[in-house]
Amino acid sequence: MKNVLIVTALLGSLSFAAADSLGLSGTYNKGFYKADGESVDFDSSFGVGLSYTYDLDAVSAVRAELELLPNLYGSDKLGFGGEFTYLRSVMTSGAADVYLGGGLGLTTVGDSGTSDGVTYTARLTAVNPTLLAGVRFAAAPGFSAFAELAGGPSFLRATVSRGSQSVSDSVNGAFLKPRLGFTYTLR
């Protein structure tokens, strides 16, 4: 029992060495795609994200975010997204911190049902390598507000299956994703 308490105390002291924060943000997502030389137009969408950020050291952090995206790609369905990002502070001035980052994001939306007695499934999935720039301000004790602009290439795949038949196609393009939000420092 004594060893368990010692190990628990050591692990607890290690995990309190860095700051953790939870964030809530709003995003605007716009994709620009081309297929066979023609523009493919999808509606833009707004999303709400919940993030967890772990500071690696004084200037770098990693962030994992999950998003809910109503009407993703104009589908009238609730889409889901996620992003894993590395962030690095490049300039600090007073209460403001300017940072750059890069990572990988994923968005997906699907629909399924039965039509004329045959089951169908449709899914749109995008993989988005992400570069971003942002600024973070201290807003209140423990709280920070931030604004970011993210973007990069986007690889969108559509898959439709009906009964035993399945069709899929891919288009490539780019995306822009401004984000506003706040974080709360847990420790």
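# Close-up views of a predicted model

**View 1. Eight strands contribute to the lining of the largest pocket.** In this predicted model, strand S1 (20-35), strand S3 (45-55), strand S4 (60-70), strand S5 (78-93), strand S6 (96-115), strand S7 (118-140), strand S8 (143-162) and strand S9 (165-185) each supply at least two residues of the lining of the largest pocket. S5 gives the most to this lining, with 4 residues. The volume of the largest pocket is about 490 Å³, and of the 29 residues that line the largest pocket, Ser 21, Asp 55, Asp 97, Arg 136 and Ser 144 are the closest to its centre. Sorted by class, the lining of the largest pocket comprises 11 nonpolar, 10 polar and 8 charged residues.

**View 2. The largest cavity holds about 190 Å³ of space.** The count of cavities of 30 Å³ or more comes to 1. The lining of the largest cavity is made up of 20 residues, and those that lie nearest its centre are Asn 29, Tyr 73, Thr 107, Asn 128 and Phe 175. At least two residues of this lining come from each of the strands S1, S5, S6 and S9, and S1 gives the most, with 4 residues. By class, the residues that line the largest cavity divide into 7 nonpolar, 8 polar and 5 charged.

**View 3. S1 pairs with S3 and with S9 in the antiparallel sense.** The pairing of S1 and S3 runs over 10 bridges, and within this pairing Tyr 28 stands opposite Phe 46 in S3. The pairing of S1 and S9 runs over 12 bridges, and here the bridge partner of Lys 30 is Leu 176 in S9. In a regular strand, the side chains alternate between the two faces of the sheet. S1 also takes part in both of the linings described above, since it supplies at least two residues to the lining of the largest cavity and at least two residues to the lining of the largest pocket.

**View 4. A hairpin joins S1 and S2, with 2 residues between the strands.** S1 and strand S2 (residues 38-40) pair in the antiparallel sense over 3 bridges, and the bridge partner of Ala 35 in S2 is Glu 38. In this hairpin, Asp 36 takes a positive phi near 55 degrees. Most residues other than glycine have a negative phi.

**View 5. The loop between S4 and S5 contains Asn 71 and Asp 76.** Asn 71, although not a glycine, has a positive phi of about 60 degrees. The relative accessible area of Asn 71 is 26%, so this residue is classed as partly exposed. Asp 76, which is found in the loop between S4 and S5 as well, likewise has a positive phi, near 60 degrees, in a residue other than glycine. With a relative accessible area of 66%, Asp 76 is exposed, because the cut-off for that class is over 50%.

Technical notes: Residues numbered from 1 in each chain as written. Predicted model: local features only at pLDDT ≥ 70, side-chain atom pairs only at ≥ 80, totals over all residues. Heavy atoms only, no water. 1 Å grid on protein atoms, 1.4 Å probe; cavity = no way out; pocket = protein on both sides within 12 Å on 5 of 7 lines; lining within 4 Å. Points joined across faces, edges and corners; volume = space filled by probe spheres on them. Nonpolar A, V, L, I, M, F, W, Y, C, P; charged D, E, K, R; others polar. Buried < 20%, exposed > 50% of the residue type's maximum accessible area, 1.4 Å probe, protein only. Pairing = 2+ DSSP bridges.
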